[in-house]
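Visitor: I'd like a tour of this protein, and I'll keep asking how you know things. Can we start by looking at it?
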Amino acid sequence: MIARLGRSLRARLALFASVAMALLCLTTSSALLWMIYNTTVDIHTQDAAGTTLTVAHLVKESELPLLGNLDVRGVQVVDPQGRVVSATTDLAGVPRLTTTAPPPDTTNRVVHTCDLAYLSGGCHIVAIHRVYLPDGDWLVYAFRPRPPWYATPGTIAFLVLSSAALVVLTWYGVSHVVAKTLAPVNRITGKLAEITAGGGGMRVPVPENADEIRALAETANATLAQLEDSMEQQRRFASDASHDLRSPITAMRTEVEEALLAPGESDWQEVGGKLLTSLDRLQNIVTDLLTLAKLDAGAPARLGPVDLSELVTAEVARPRTKDVRISVQPGVVVTGDRLRLARLLTNLLDNAERHAERTVAVIVRRDGEAVLEVLDDGAGIAPEHREVVFRRFTRLDASRSRDAGGTGLGLPIAREIARTHGGTLRIEDSHAGARFVLRMPVREE
């Protein structure tokens with residue numbers, strides 16, 4: 001299919017170029033033929049006019065008998081009475097061919113006439129010269145055949161053959177150039193077809209030359225690399241999500257099966273409590289997955305002014321298992337969705353609370369932009385893992401794994417919320433523990 005499309009494109013381009021060349025050759029040949037025709041007509045006209053001048057000199061010198069000795073053809077001399085008194089050998093004995101004469105008081109005239117009796121070859125150029133003598137006006141006629149529109153057979157043959165050769169060369173040249181140009185494109189397209197069919201690596205060949213096609217291949221490879229990373233992330237996400245969903249379901253099944261083995265001896269209230277715990281974790285995972293799906297789908301947010309200082313003050317007022325200390329600068333207002341920003345802050349506080357030893361600190365300040373910091377005094381996160389923790393269902397060491405109570409989706413949700421608000425969420429250096437820093441544009445009143 002790809003090769004057939006390439007051949008079709010090559011044929012169309014070659015045909016278009018050939019037709020264009022044919023039209024160019026036709027236009028050029030027509031102009032050239034017109035120039036050659038006019039030049040040939042001028043030459044014949046000048047020859048005829050020159051011949052009349054030569055014969056007119058003989059008439060004035062009364063040397064008409066010498067006309068037969070001249071190397072000329074197609075001449076008649078007419079006396080004042082209209083009689084042909086002399087002619088070249090080719091017109092000997094032929095009556096006067098035309099009565100056309102120069103206008104009064106004019107010596108020369110050139111006319112084009114056709115179908116003259118006794119003359120073959122179609123139309124002729126007739127040059128007429130008036131000779132003034134005492135006995136009256138004599139007329140000298142010189143007849144020359146007018147050339148055809150194609151000037152000479154050799155000319156038309158040369159133009160036809162050269163035009164045909166140019167059209168053939170254009171077809172071959174364009175077809176060859178297009179085929180050579182499309183070769184890397186065909187290879188790229190073929191590789192993309194293999195990738196689509198599920199075969200081969202997710203990269204296309206990059207040609208050494210052809211800058212535009214090379215740029216296309218490099219862009220395609222960058223896109224494929226990003227797609228490959230996304231696919232790998234989706235595979236890991238699906239694997240981890242299935243594992244996380246399976247864990248509470250397995251736990252609930254185990255509790256129920258153990259209770260059913262000895263229904264009379266089981267403490268069903270205790271079994272119900274354990275089931276509720278697993279259900280809570282399962283519900284939290286599903287809720288976080290739905291939240292991520294909405295964020296990934298670009299669900300619209302309800303934007304408005306949000307005072308980060310008030311938001312932090314209201315959130316930390318809720319009971320926590322760790323001591324939460326705040327330091328807020330009043331009047332730090334951003335444009336955002338209050339519910340989503342509250343979810344971001346809650347996720348950061350929940351994460352810090354799970355991994356803090358005793359204290360969690362929250363800071364709100366304005367430093368050219370709105371800055372929200374959440375710090376804990378726990379074990380901290382190594383620099384090489386500071387981006388890893390924002391991946392969905394990421395596992396680190398036991399001290400900061402989701403086994404401590406999280407779903408593994410809180411931090412990815414928080415970063416996605418920051419991104420949808422035009423902000424950033426990163427882990428920055430701190431003396432102890434982990435320091436999460438949110439930066440957002442300040443709302444201009």
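Guide: Sure, and here's a term to begin with: a contact means heavy atoms within 4.5 Å. In this protein, residues 24 or more positions apart account for 60% of the contacts with a separation of 6 or more. This is a predicted model, so local features need pLDDT of at least 70 and side-chain atom pairs count only at pLDDT 80 or more, while totals for chains, interfaces and linings use all residues. Residues are numbered from 1 along each chain as its sequence is written, and side-chain values use heavy atoms, leaving out hydrogens and water.

Visitor: How many helices and strands does the protein have?
Guide: The protein has 7 helices and 12 strands. Both are DSSP runs, numbered from the N terminus: helices are H or I with at least four residues, strands are E with at least two.

Visitor: What makes Cys114 and Cys123 a disulfide?
Guide: The cut-off is a pair of cysteine sulfur atoms within 2.5 Å. For Cys114 and Cys123, the S to S distance is 1.7 Å, so the pair fits that definition. A search of the whole structure turns up 1 disulfide.

Visitor: Why is the disulfide of Cys114 and Cys123 called right-handed?
Guide: Because the torsion about its S-S bond is about 95 degrees.

Visitor: Is Cys123 buried or exposed, and how do you know?
Guide: Buried means under 20% relative accessible area, exposed means over 50%, and partly exposed is in between (1.4 Å probe, protein chains only). Cys123 has 17%, so Cys123 is buried. Its partner Cys114 has 37%, so Cys114 counts as partly exposed. Cys25, at 8%, counts as buried.

Visitor: How many of the 445 residues are buried?
Guide: The buried share is 38% of the 445 residues.

Visitor: What is the span of α4, and what is it set against?
Guide: Helix α4 (residues 268-296) has 29 residues and reaches 41 Å from its first C-alpha to its last. The expected span is 1.5 Å times one less than the number of residues, and for α4 that gives 42 Å, so the two values are close. Among the buried residues in α4 are Val271, Leu275, Ser278 and Leu282. An α-helix has 3.6 residues a turn, so residues three or four places apart point the same way. After α4 comes Gly298, with a positive phi near 75 degrees.

Visitor: Where is Leu15, and why is Leu15 called partly exposed?
Guide: Leu15 sits in helix α1. Its relative accessible area is 47%, so Leu15 falls in the partly exposed class.
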